[in-house]
Amino acid sequence: MTWYHPGMYDAAKPAGSIWEETAPPLPAGTDLGPCGDETCEVAIIGGGYTGLSCAFHLASEFSTDVRLLEAGTLGWGASGRNGGFCTLPPSSLPLQSLLARFGEAEAKRFIFSQLEAISFVRSFAAKQGFAIEPQGEGELHVAHAPSRYAGLAEESRILKEKFGISAKLLPREEVTERFYDSREQFGALLMPTGFGLHPLRLARGLAAAAARAGAKLHGASPVIRWERKGADHLLVTPSGTIRARRVVVATNGFTRSPMPPALADRIIPVMSNILVTRPLTDDEIATQNWQTESPCANTRSLLFYYRMLPDRRFLFGARGDTTGKPEDGARMRRYMERRLGEVFPGWAQVEITHSWRGFVCMSLGGTPSIGSLPDEPSVYFALGYHGNGVAAAPWSGRMLAQVIGDKEDFSAIPAAMRGVPASIPFPALRGWYLRAALGYYRLMDL
Ligand SMILES: Cc1cc2nc3c(=O)[nH]c(=O)nc-3n(C[C@H](O)[C@H](O)[C@H](O)COP(=O)(O)OP(=O)(O)OC[C@H]3O[C@@H](n4cnc5c(N)ncnc54)[C@H](O)[C@@H]3O)c2cc1C
C-alpha cells in the first residue's frame, strides 16, 4: 500500500465521473466476474487500457490462453476516469532533456512511436466498431503567463528541427480570435496531433474487443497474494486462484499489494482531479469566446488541462491533492472551483455537476517503463505514463503482447520506455518527496 488514504483503492466505489453516466454498458458476457480456480498461459493484473490491450492482442494475434484480473469493474482505474486527452507525450521530460538523455535517434523513436499510439487508438476503435466521441484536431499548449510564450517558441523550434513536427505558434490575439480567451491565455502552441475522446467508451470498447477475441476478463477479482508454484505463478483472489506461466503487471498508478518491489517501490502515484460543469449556454460560451473542441493544457508545472465536451459541459483538470483523504478531496474541489472562475471569469458562477479524482503514475526517469523483471523474466510490466496514457497505454499493452508472443523482442521498445523504472532512495518517503516537489512547483508557477 502507499501513503494515500485507503478509500482511494476502494474498487467497489464508482469514480463519480461524467463518463460513468454517459458510456454504454459493457456487452453481456464481457466481464466474467470473480474468478474461480483456473490455469492459463498468461495472467494480466489490471483491467485498464494497458491490461485490456495486452489481453486483446495476446488473444487475437497469438491465440494465447489469457485471463485478466481487475479489482473493480473493467476500466475502473485511471482508464475509465481520465480527461480523455489522446495526446503527446507520455513523459514529464522537456524535449531538450529527452534529446540529451537518449540521443536524437532514440528520442525520435520514442516520439514517433507515440504519434503512432495516437493513430492506433483512433483506428482500433474504428476497426472494432465502437464510438469514442473524438473531438478536435490537435492540442493547444497555452502560455499561462506572458513569460512562458518564449518557452513555447523554443518547443516549436525543437519539434520542427529535431522531429519534423510542424506545431504552429499562435500569439495571444490569434488564440483569442480563433480558439478562446482567458485571464491565463498569453499565446499558444497548436500541436498538429492529438484529440479528445470519451475515456470510458475506449476502456469498454477495448474490453468488449478483448472478450470477443477470446480473452477471459474477471472484474471484482483483486489479487491479494502472489506465490510461486515451481515454474508457475499463483495469483490469489478472494474468490479463487489463477495459475499462470507468465504474469503481466498492468496496474499503473493504482498499483497496490502484492506487487514486486522492483515495480511497486519505484513508482510515484500522483493524484489528478477533474471538475465538469453543467452544459453551458450560448451566452456563457460567448463570454470566453470559446470556439474549439481541441483539448488544451497550460504551461503551469502543476498544469491545468481543459476541454469542451460534446454536450458543452466544460471539463477542467488539475493536480495537487497529496493525501487522498475525503476532506482533502473536498478542499481540492473548492480550490479548483475558485481557480476555474479566476481563469475563466465568465463561468465563475456555473454549477459544477461532477468532480472526481484518481492516480496517474510517475517515476524518477520521467518516461514510461515497459519490459520484464531482470530477476523474474516471466513477469512483464508496462506502466508510468506520466499522466498521459490514453494513447501510450493501449500502445504499450500491444507492445507487451507482441514481445510475449515472440513477434518482437525488447529492442522493439524505444530505449526511453524500456526496462524497470529507476529506483527511488528510501521509497517509504515518497509521500514527503511528492509534497516537497508540489510545493516547489507551486512556487515556480507564481
Ligand atoms: C483524473 C485523471 C485524468 C487523466 N487524464 C488523462 C488524459 O486526459 N490523457 C491521458 O493521456 N492520460 C490521462 N490520465 C492518465 C491515464 O488515464 C492513464 O495513464 C492510463 O489510463 C493508464 O492505464 P492503465 O491501464 O495502465 O492503468 P489503470 O487504468 O489505472 O488500470 C490499472 C488497474 O489495475 C487495477 N489493480 C491494481 N492493483 C490490482 C490488484 N492487486 N488486483 C487486481 N487489479 C488491480 C486497478 O483497479 C486499475 O483498474 C489521467 C488519469 C487520471 C486519474
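**Exercise 1.** In this predicted model, find what covers the buried residues of helix α9.

*Solution.* The cover includes two strands, β12 (268-277) and β15 (314-319). The buried residues beneath them are Met-332, Met-336 and Leu-340. Seen down the axis of α9, these buried residues fall within an arc of 75°, so they line one face of the helix. Next, turn to the other side of α9: Glu-327, Ala-330, Arg-334, Arg-338 and Glu-342 are exposed there.

**Exercise 2.** Check whether the span of α9 agrees with its number of residues.

*Solution.* Helix α9 covers residues 326-343, which is 18 residues. The expected span is 1.5 Å times one less than the number of residues. For α9 this gives 26 Å, and the end C-alpha atoms are 25 Å apart, so the two values agree.

**Exercise 3.** Repeat the check for α10, then decide how far this helix is enclosed by the rest of the structure.

*Solution.* The 16 residues of α10 should span 22 Å, and the end C-alpha atoms lie 21 Å apart, which agrees. For the second part, a residue counts as buried if 20 or more other C-beta atoms lie within 10 Å of its own. In α10, 15 of the 16 residues are buried, so the helix is largely enclosed by the rest of the structure. α10 also gives the largest share of the largest nonpolar core, 10 residues. That core has 125 residues, and Leu-400 is one of those that touch the most other members. Leaving aside neighbours within four places in sequence, Leu-400 is in contact with Cys-54, Val-248, Ile-370, Tyr-380 and Ala-382.

**Exercise 4.** Describe the shell of residues around the ligand.

*Solution.* Start with the count: there are 44 residues around the ligand, and Gly-48, Gly-77, Gly-83, Gly-358 and Gly-389 come nearest. Then sort the shell by type: 19 residues are nonpolar, 21 polar and four charged. Last, look for the elements that supply them. α2 (49-62), β12, β16 (352-362) and α10 (389-404) each give at least two residues, and β16 gives the most, with four.

**Exercise 5.** Compare the surroundings of Ala-220 and Arg-312.

*Solution.* Phi is positive in each: near 50° for Ala-220 and near 70° for Arg-312. Ala-220 is in the loop between β8 (216-218) and β9 (225-229), while Arg-312 is in the loop between β14 (305-308) and β15. Ala-220 has 21 other C-beta atoms within 10 Å, so it is buried. Arg-312 has 15 C-beta neighbours inside 10 Å, so it counts as partly exposed.

Methods
Residues are numbered from 1 along each chain as its sequence is written. This is a predicted model: local features need pLDDT of at least 70, side-chain atom pairs count only at pLDDT 80 or more; totals for chains, interfaces and linings use all residues. A residue is buried if 20 or more other C-beta atoms lie within 10 Å of its own, exposed if 12 or fewer, and partly exposed in between; C-beta atoms are placed from the backbone. The arc is that of the directions from the helix axis to the C-beta atoms. Two residues are in contact if their C-beta atoms, placed from the backbone, lie within 7 Å. A residue is near a molecule or strand if its C-beta atom, placed from the backbone, lies within 6 Å of it. Ala, Val, Leu, Ile, Met, Phe, Trp, Tyr, Cys and Pro count as nonpolar, Asp, Glu, Lys and Arg as charged, and the others, Gly among them, as polar. A nonpolar core is a set of buried Ala, Val, Leu, Ile, Met, Phe, Trp, Tyr and Cys residues joined through C-beta atoms within 7 Å.
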